[in-house]
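Visitor: Hello! Could you walk me through this structure and explain the terms as we go?

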Amino acid sequence: MSELNLILLGPPGAGKGTQAERLRADFELPYYATGDILRAAVKADTDLGREAREYMDRGDLVPDELICKVVIDRVDSDEARDGFVLDGFPRTVGQAEELHRALEGLERQLTATLLIDAPDEEVIRRLSGRRVCLDSGHTYHVEFDPPKNDGFCDQDGSALVQRDDDKLETVRHRLEVFHQQTKPLVELYEREGLLRRFDGTRSPEEVNGHIRATLATLRLEEQI
Ligand code: AP5
């Protein structure tokens, strides 16, 4: 079986992390979410975290030169030999070009870019109700996906909190940044024939079903 090299693309709050959690259960692929990597660096107070923090708090993207090497080192690691899922990267045309160059140098290529789309007003509703667990980042929603015990993670019992960048003003700014800097990637991957679209307003189970069906078709096409 050949590699499965996937990108999850979409506006903030469209459900990329939610779907990634399901994809990881379905396919044994390493998962690299740049938001999680950066939040871990901020928490650990590393050089990367100290540089990234102010951008993240404002809802801006961190500069390409801070994030590209972090991702490309992971893609080029032994654990990613049979494939990977990238969530939140690339997010600018510059990052997409850098990833393309790196994969070309490794004689590898992307399998597909999975676009999970949702309108701005849905994103705002979702992010304002999102709660994440302090320990491992499992995600809930106070209305759409509430935990069994209010305020605590079903999976590890740790406290649930609201992310700093999920405040309304910051969410609005993150959306602007998405439309200006990340949306051009939709066209780029569409031109390359790599884009697969999913309606993020459907239930998480439906979106997962559509993604699984698409990946199964891609694998079948590859075998023909
Ligand atoms: P990051 O953590 O990547 O944030 P994001 O892309 O804005 O995405 P989110 O994690 O907010 O949303 P999601 O799509 O994963 O939605 P989720 O599944 O949680 O990035 C944070 C920051 O890091 C950036 O602002 C930037 O500063 C920096 N950064 C990261 N990568 C970078 C890069 N490459 N370059 C530069 N800077 C970078 O779902 C949201 C909510 O909706 C949850 O509550 C969930 O339960 C609920 N939900 C999910 N699916 C559904 C559904 N189908 N129906 C109903 N509710 C649903």
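Guide: Gladly. Let's start at the ligand: one of its oxygen atoms is 2.9 Å from a polar backbone atom of Gly13. This is a predicted model, where local features need pLDDT of at least 70 and side-chain atom pairs count only at pLDDT 80 or more, while totals for chains, interfaces and linings use all residues. Residues are numbered from 1 along each chain as its sequence is written, and side-chain values use heavy atoms, leaving out hydrogens and water.

Visitor: What makes the pair of an oxygen atom of the ligand and a polar backbone atom of Gly13 a polar contact?

Guide: A polar contact is a pair of N or O atoms within 3.5 Å, and the Gly13 pair is 2.9 Å apart, so it counts. Gly15 also has a polar backbone atom, 3.1 Å from an oxygen atom of the ligand. Thr34 uses a polar side-chain atom, 2.7 Å from a nitrogen atom of the ligand.

Visitor: Thr34 is in α2, which meets α4. Why is α2 called roughly perpendicular to α4?

Guide: The axes of α2 (residues 34-43) and α4 (residues 64-75) cross at roughly 110 degrees. Roughly perpendicular covers 65 to 115 degrees, so α2 is roughly perpendicular to α4.

Visitor: Which residues of α2 and α4 meet there?

Guide: In α2, Thr34, Ile37 and Leu38 meet Ile67, Val70, Val71 and Arg74 of α4; contact means heavy atoms within 4.5 Å. By class, that contact has 5 nonpolar, 1 polar and 1 charged residues.

Terms used. Axes fitted to C-alpha atoms, helices over the stretch in contact; angles between N-to-C directions. Helix = DSSP H or I, 4+ residues; strand = E, 2+ residues; numbered from the N terminus. Parallel < 35°, antiparallel > 145°, perpendicular 65-115°, else oblique. Nonpolar A, V, L, I, M, F, W, Y, C, P; charged D, E, K, R; others polar. Polar contact = N/O pair within 3.5 Å; in protein donor to acceptor, adjacent residues only side chain to side chain.
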